Protein chains: 2
Amino acid sequence: MTAAPLFLLRAELKKRGLDGFIVPRADEHQGEYVPASAARLAYLTGFTGSAGAAVVLADHAAVFVDGRYTLQVAAEVDPKLFAYLHLVEQPPHRWLAETLPAGARFGYDPWLHTPDQVEQLKQACAQAGATLVAVESNPLDAVWENRPATPLTPMVPHPDSFAGQSAAEKRALIAKELVARKSDAAFLSAPDSIGWLLNIRGNDVEFTPLPLSFALIHKDGSVDLFADGRKVPAETRAHLGADVRLHEPAALEAALKNFDGRKVRLDPASAPSWALDRLVEGGAVIDRAADPCLLPRACKNEVELNGTRAAHLRDGVALTKFLAWLSAEAPKGTVTELSATDKLEECRRGGNLYQGPSFATIAGAGPNGAIVHYRSSPATNRPLEPGQIFLIDSGGQYLDGTTDVTRTVAVGEAGAEEKQRFTLVLKGHIALARARFPAGTSGSQLDSLARKPLWDHGLDYDHGTGHGVGSYLSVHEGPQRIAKNNNSQALLPGMMLSDEPGYYKTGAYGIRIENLIVVQDMDTKSERPVRGFEVLTLAPIDLNLVDRDLLTEDEAEWLNDYHARVREKLSPLVDPTTAAWLVEATRAI
Amino acid sequence: MTAAPLFLLRAELKKRGLDGFIVPRADEHQGEYVPASAARLAYLTGFTGSAGAAVVLADHAAVFVDGRYTLQVAAEVDPKLFAYLHLVEQPPHRWLAETLPAGARFGYDPWLHTPDQVEQLKQACAQAGATLVAVESNPLDAVWENRPATPLTPMVPHPDSFAGQSAAEKRALIAKELVARKSDAAFLSAPDSIGWLLNIRGNDVEFTPLPLSFALIHKDGSVDLFADGRKVPAETRAHLGADVRLHEPAALEAALKNFDGRKVRLDPASAPSWALDRLVEGGAVIDRAADPCLLPRACKNEVELNGTRAAHLRDGVALTKFLAWLSAEAPKGTVTELSATDKLEECRRGGNLYQGPSFATIAGAGPNGAIVHYRSSPATNRPLEPGQIFLIDSGGQYLDGTTDVTRTVAVGEAGAEEKQRFTLVLKGHIALARARFPAGTSGSQLDSLARKPLWDHGLDYDHGTGHGVGSYLSVHEGPQRIAKNNNSQALLPGMMLSDEPGYYKTGAYGIRIENLIVVQDMDTKSERPVRGFEVLTLAPIDLNLVDRDLLTEDEAEWLNDYHARVREKLSPLVDPTTAAWLVEATRAI
């Protein structure tokens, strides 16, 4: 990485009378992926991780990343230019409160921060006796030479046969909630919400069919959609219909200023602060509340669930073909992380309705498996060696569903320690899959069930246990989540999540077992209505890594039942060689 | 309850040009107990529970209580005067946002609400188009005839031999933290913090030796203490020393306004909003952060822990004598909830350093046991009948420690359902007591371990699993807590908590098994430093209610080990009859 962007930014800040500036990873939509035109943090610092921020002051600069990226930041960012700080333990706002000189003018781009984040920055500046300044235009953009163009991929209709509900019905549903809360409109900035609401998909960022845009939904159910007209072909305009008015993005400012005295709902955790500022300027009363599409989007309807089940069947066929191939080829020593990744993609590519990977495959052999967010490259690519274990985490985007699955397999014979750790992870995986819990229980409350077998041995893993998953949308979606971090969202029927405990031994190996699961009502007649999970993913779990003596009878029964189901569903759909392998791979233990 | 207070308040509000007013249960110190002089909610509505609020508007009024008090509110509050609303599901601020007419002036007493609460009220009023008004004096107090006098009980020194650390050392510790955060002072309004910091105790409220007062601690370690001079005898003044300056409460306002340009720490979750307002008026920079005494107070030192262990030994002797007596007397049909309560108090009263109960004993026979916060009275008093189960939750304040223990016992032979439910509760109790978890784990993360055996059968309980406990201070103290509700405070060595899962069948019986436990480092050399619990409480768990077949070997071993320890510790300290009973009550199963 060159030092030029940092020097250019400092010069620009000086010109504008600013003593510092914050550059977050996020773009205006606060999503996990940003288009190249919004990869400001990577341009400034070289850091390409999926979360983080940089703060530039006149004399020093720092880059903030979380525990997943400790190794990566050191490989990508010059420590002479940026100090490395921990995003969670010492977030920018706390560091600023201690570091900013009194009287400083500190800038931020209101398009790239949520109102909640701006509030934190404001308090930090107040604590330091500094002033927080919203810039009119981004000073980094001003000096960014050869900045990539904003993407202009077309928005396409997502058929009702996949969505299970028409856009008109969805608009009516949200409008009803606005009326109930006495709101006149809601501002939407999350492209997956807009995609869900209007049954459209796009292709503006990698891996996720997001239609980057903004919208206002009104209490009459009509929508103002703000997107570059070149992104909306005639077919999509027809699909949107007359109740969805299309505007150029430049029209958003006037639209937001047009709510004098009326109430507009805005999500302070995801909207750009810029939108709040314009609404306030125009005299709107703000209803700070979650994006109204979040919950209906998260609770999949039966059509979506059936689509997802069908997608998982196809995905299971692909993954099982791959695992059978791997089991034959890997012991020969000819497979590498990258060739395995290519092979898996080749297996998926044949699948009906397949659109591409739902994220960059994580394929880690031996020690590379211990790097939680590893992405293999020609420089790091390792062969799969006998005696090692190999972790592969991948997923597919199908028009009828989004998949995400991790399997960890032994190449040849596995060591006793690896088997013990794998079995502990499996016990946690099973505990979550089998969990029964009363209505109202949140994902946070279930997280420790998956960790307990590891905790009992003084072990743990440094990531969440389960993330929400979309329906041909983001592979990571909220509001549900199973993690140590507080999350009070109750798990509701139809919510899809991952179940993915793991164990990582730095420099040695990594283990993760991931299935997707969906919340279901299990017993509505017991004293407390009971919920639990249906398992969606269909692929064998490597029995070569299971120490049967560490499983209880109940756990072994779960595993055998799961494998019987995998065998029964997939056998008719795979070639004879794979089918023969599958019988052995799913044998009862 | 008469309607007079409501009518008088409405007249007073009208006189002051207010369209409504909120009356919380809390006093200026936001504690669990309030002196009679601050029992405004009870005076206004009749409701005497430990949490809640009332909102009075011109045309309607509502009382807000949580699930614990659904029955009690109906017995105490006239539904023609106040609608009953759910404090958690429809809190006052949400109800106000929907109910207040636009243009209304809605009042609150800034002494009785925290800044966080005022922020919620402010947003609710904004949403309704109403104005929130801080009253200069409380309008309910203005019409409250025969209001009890403010308590003036003396503050007494709490000897270093119990506290384990001198007040001077504690003041230096907090001062060091203020310097580290560049704060000039911290405002303290929690009387347990002030009692901890200055090693003093008081007697202003029931059950808890709180010295009601306010304080400012400065970065030089000196303290301004605001308390009525009549409450501070000469011995206490000498104990406080020259670095603690005593002022009358009326001097607080000027003191808070005296920080122009300097930084003052204030806890927005517990301080009265009034104090924040005065600090802001005086030009102070506010450091919104938790009460700095919270964490050091919660992490008991070795002297406090040894005191607590000694107190639990004495408390165990008393409870075991009581349980032996009960086992002999109850089957005769002559024991009632109230006579049992008296007998237990009589058993405790003999104990060294005993000061009184740490809360009002909950003694529930049969169906009364299902009322979670039941308090027996002559009107509700029930005899303990053969075939029933009896729940008794009680605790003692000893100069060297605070206890809290619940035992549920069978009177005669218990039914199969009761035994099954009791054993499920016991399994959860044991799971928590035996839990091993990595450093950094919070109580919320452990809560489901205690519920899982019930969840597996479609059962649950509607209260937290564990609350923090003080050292000759509040029997309920933070910041640690084991509950469904989010609590991100890591469990740190020395933190005391209760372990009290339960099961309640309305109209039939209640079950709860409660021990106090303390967080300890269990293994600092494993891959992740491991923490766990030491059990403090010493008293038999009724084996007549245990279905051995439902326990795993590990669980039975825990129970047998626990009972062996109870027997070994208590046998030498009890009379021969009790000792003989104890041998049987703690037999291995």
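This report walks through how the two chains of a predicted model meet, and then looks at some features inside each chain.

**How the two copies are related**

Let's start with the overall arrangement. Two copies of a chain are related by a rotation about an axis and a shift along it. Here, chain A superposes on chain B after a rotation of 180° with 0.0 Å of shift along the axis, and the RMSD is 0.0 Å. That is the relation of a two-fold axis. If you would like to find the axis from chain A, look for Asn486(A): its C-alpha is the nearest of that chain, 2.8 Å from the axis. Both copies use the same surface, as 100% of the contact residues of chain A recur in chain B.

**The interface between chain A and chain B**

The size of an interface is often given as the accessible area lost when the parts come together. For chain A and chain B, the buried area is about 3000 Å², with 47% of it on carbon and sulfur atoms. On the side of chain A, the residues that lose the most area to chain B are Gln445(A), Trp455(A) and Arg528(A), which together make up 22% of what that side buries. In terms of residues, 38 of chain A are in contact with 38 of chain B.

What holds charged partners across this boundary? Four salt bridges are counted between chain A and chain B. One pair to look at is Asp462(A) with Arg528(B), whose side chains meet in a salt bridge at 2.9 Å, N to O. The interface also has 13 residue pairs in polar contact, both residues at pLDDT 80 or more.

Which elements of chain A give two or more residues to the side that touches chain B? They are helix 5 (115-128), strand 14 (285-288), strand 21 (437-438), helix 17 (443-455) and strand 25 (502-505). Helix 17 of chain A gives the most, with seven residues. By class, this side of chain A has 12 nonpolar, 10 polar and 16 charged residues.

**Inside each chain**

Now for the packing of two helices, seen in each chain. The table sets out the pairs.

| Helix pair | Angle between axes | Distance between axes |
|---|---|---|
| Helix 8 and helix 9 of chain A | about 115° | 7 Å |
| Helix 8 and helix 9 of chain B | roughly 115° | within 7 Å |

In chain A, helix 8 brings Ala167(A), Lys170(A), Arg171(A), Leu173(A) and Ile174(A) to this contact, and helix 9 brings Trp196(A), Leu197(A) and Leu198(A). That contact is made of six nonpolar, no polar and two charged residues.

Salt bridges also occur within a chain, and the structure holds 76 of them over all chains. In one of these, the side chains of Asp287(B) and Arg181(B) meet at 2.7 Å, N to O. This pair links distant parts of chain B, 106 residues apart: Asp287(B) is in strand 14, while Arg181(B) is in the loop between helix 8 and strand 8.

**Backbone details worth a look**

Finally, some backbone features. A cis peptide bond joins Gly478(A) and Pro479(A), with omega about 5°, and Pro479(A) lies in strand 23 (residues 477-482) of chain A. In chain B, a cis peptide bond joins Gly478(B) and Pro479(B), with omega about 5°. Gln30(A) is a residue other than glycine with a positive phi, near 55°; you will find Gln30(A) in the loop between strand 1 (20-24) and helix 2 (40-45) of chain A.

Key: Residues are numbered from 1 along each chain as its sequence is written. Chains are lettered from A and ligands numbered from 1 in the order in which they are written. This is a predicted model: local features need pLDDT of at least 70, side-chain atom pairs count only at pLDDT 80 or more; totals for chains, interfaces and linings use all residues. Side-chain values use heavy atoms; hydrogens and water are left out. Contact means heavy atoms within 4.5 Å. Buried area is the accessible area (1.4 Å probe) that two parts lose on being put together, summed over both. A polar contact is a pair of N or O atoms within 3.5 Å; within protein, one must be able to donate a hydrogen and the other to accept it, and residues adjacent in sequence count only if both atoms are side-chain atoms. Helices (H or I, at least four residues) and strands (E, at least two) are DSSP runs, numbered from the N terminus. Ala, Val, Leu, Ile, Met, Phe, Trp, Tyr, Cys and Pro count as nonpolar, Asp, Glu, Lys and Arg as charged, and the others, Gly among them, as polar. Axes are lines fitted to C-alpha atoms, for helices over the stretch in contact, and angles run from 0 to 180 degrees between N-to-C directions. Copies are superposed by least squares on the C-alpha atoms of residues with pLDDT of at least 70 in both.
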